[in-house]
Amino acid sequence: MRQLLKSTLAVCALLLLAGLARAEVILTPDEIEQTLAHGPWPAVQAPDPSNRVSGNQRAINLGRRLFEDPILSRDGFMSCATCHQPDQNFTEGLPRSMGRKLLDRNTPALLNLRAHRWFGWGGDSDNLWAQTMLPILHPDEMDNTADNIKATMERGPYASDYRLLFGHAATQSSETVLVNVAKTLAAYQETLMTGNTSFDRFRDALERGDALAASSYPRSAQRGLKLFLGKGRCAFCHSGPNFTNGEFHDAGVPYFLGPGRVDAGRHAGLKTLLSSPYALDGAFSDDPHKSGAWAVRSVIPTHANFGTFRVPSLRRIAQTAPYMHDGSLADLDAVVAHYNEINTERLHADGEQLLRPLNLSSQDKEDLVTFLKSLSDD
Amino acid sequence: MRLPAVLILVAGLSGTAFACGTGGSQMVAKEPTDLQIFATLEPITVSKPFGVELILCGDASDLTVKADAWMPRHKHGMNYAPVVSAEGNGKFNVSNLVFHMPGLWQVRIEVRNADDAKPNTYLLDVEVK
């Protein structure tokens, strides 16, 4: 009898606990459904079929060493890691990149790159190895040439590593050697993934129907998530497990760079992409099926692309300040304030009608930032 | 110089539709017509390409079919041109549709007769989570 009473009390306690826990999940069923679309995480990552050394450990090792070695720049002035600093989540911590001179854009974090369809703020490339070649050759950055890269891979300290992966550089064209080097760098960068977050644990608990586990996600973060999905209109662009739709939008950030200079964003990026021999429909892709080439073949250039920039992922966002394509917003509070008080005069008159002032309260803004902070590994 | 993706295909294979009305969602024609279109959509994930199978019921011979989609509340369309292929017997496949935002999308199928310059447009509302 006593045992039965104990069991009954235990069941009652569990039911009470479960009821309390459920009360702590403040999302509506529709919001829960939307939340589930932001996972699961980490996403399954397949090797890049356009890069025959994608996932190859020898290539990853070589790519990591090359990434941090200024030998890839014309005069040893800088390496990839000079701007994409490993201890700063592969950003630079500055508003705008410092190459050989101050550049026009913020250094983007190099995280979760296999999930991308387009690369760079303007989407100049449809694959990671092609994008990786741009700073190597750019006169304001590493300022190197394919001929120099070939000479380095023929006779330099990485000659034997290169030969084991691709054969003798001496027998290959300079362009082929450059592409191969970029493919090892891409193989390394693909390994830079963010981990599980408190948001992911919340999301997975919702999927399992585990209200008790879900209830450990702070109430403030849940309120912020509700704003993110609803009134804040953030999830229209920051969608999916990587919190980006991978496309290009006008976020109301000025694109004037100074007298007579503008950053055309996606408009210029598409010009580069569509004239590139290194796109996924080109001869340098190792994918015989050209499986990712549908995007470059069917993307529609329009004048509305002018001044639009790629939507960044929000994973580990709290650790990759400053923000926006020009690094003009110093912290997450400034980002939330920007969208809360957005100047619609700055938006394209014929553009999409998505952004509007949000009229968030101080508590709302705090909650939204709390939610954004929950997207970092913890 | 890349050519823009092919949007248009002429269905000259047969005027006989098959399996009419037995599957898919019926699209709403803007102008009164005897031709009906039933659309079956593949599962949609935001920002991922998907396809639609169209079954044209009625005289589907010598028709030109175009596909597009639009977000009426945001006043923008897609960033990619879908590809339409005629499979014969009034069946068409549309590929490379990409809805890059959650929300209400409107699939638009434009059908034009060979001897008729004025197209008819068929609409289907799709809510994407």
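This passage describes the fold of chain A, a sheet in chain B, and the places where parts of this predicted model meet.

Chain A makes a convenient starting point. Its secondary structure comprises 15 helices and four strands, and its C-alpha trace extends about 85 × 55 × 35 Å along the principal axes. Of its 378 residues, 44% count as buried. Contacts that reach across the sequence are also well represented: among those in chain A between residues at least 6 apart, 72% link residues at least 24 apart.

The domain assignment splits chain A into two parts. Domain 1 is assembled from the segments 28–42, 196–265 and 307–378, while domain 2 covers residues 57–189. A distance of 29 Å separates the C-alpha centres of domain 1 and domain 2 of chain A. Where the two domains of chain A touch, domain 1 supplies 20 residues and domain 2 supplies 19 residues. On the domain 1 side of this contact in chain A, six residues are nonpolar, nine are polar and five are charged.

Within chain A, helix α6 (residues 146–155) offers a helpful close-up. Its buried residues are A:Ile149, A:Lys150, A:Thr152 and A:Met153. Viewed down the axis of α6(A), the buried residues fall within an arc of 160°, so they line one face of the helix. An α-helix has 3.6 residues a turn, so residues three or four places apart point the same way. The partners for the buried residues of α6(A) are α7 (159–166) and α8 of chain A, against which they pack.

Turning to chain B, five strands form an open sheet in the order β2-β4-β5-β9-β8, and their pairing is antiparallel. Strands β2 (25–26) and β8 (83–88) of chain B lie at the edges with a single partner strand each, so one side of each has no neighbour in the sheet. For β8(B), the antiparallel connection to β9 (residues 91–98) of chain B is made through five bridges. Two facing pairs help to trace how these strands line up: B:Ala86 is opposite B:Phe92, and B:Ser85 is opposite B:Asn93. The two strands β8(B) and β9(B) make a hairpin with two residues between them, and in the turn B:Asn89 has a positive phi of about 55°.

Strand β9 of chain B also leads towards the nonpolar interior. Discounting residues up to four places away in sequence, B:Leu54 touches B:Phe92 and B:Val94, together with B:Ile37, B:Ala39 and B:Ile109. Both B:Leu54 and B:Ile109 stand out in the largest nonpolar core, a set of 109 residues, as those with the most contacts inside it. Helix α8 (residues 174–189) of chain A contributes the largest share of this core, nine residues. At least three residues of the core come from each of domain 1 and domain 2 of chain A. In soluble globular proteins, nonpolar side chains tend to be buried together.

Finally, the two chains meet directly. In this interface, 17 residues of chain B are in contact with 20 residues of chain A. The chain B side that touches chain A is made up of seven nonpolar, seven polar and three charged residues.

Conventions:
Residues numbered from 1 in each chain as written. Chains lettered and ligands numbered in written order. Predicted model: local features only at pLDDT ≥ 70, side-chain atom pairs only at ≥ 80, totals over all residues. Pairing = 2+ DSSP bridges. Contact = placed C-beta atoms within 7 Å. Nonpolar A, V, L, I, M, F, W, Y, C, P; charged D, E, K, R; others polar. Domains from an automatic or database assignment. Buried ≥ 20, exposed ≤ 12 C-beta atoms within 10 Å, placed from the backbone. Core = buried A, V, L, I, M, F, W, Y, C linked by C-beta atoms within 7 Å. Arc of directions from axis to C-beta.
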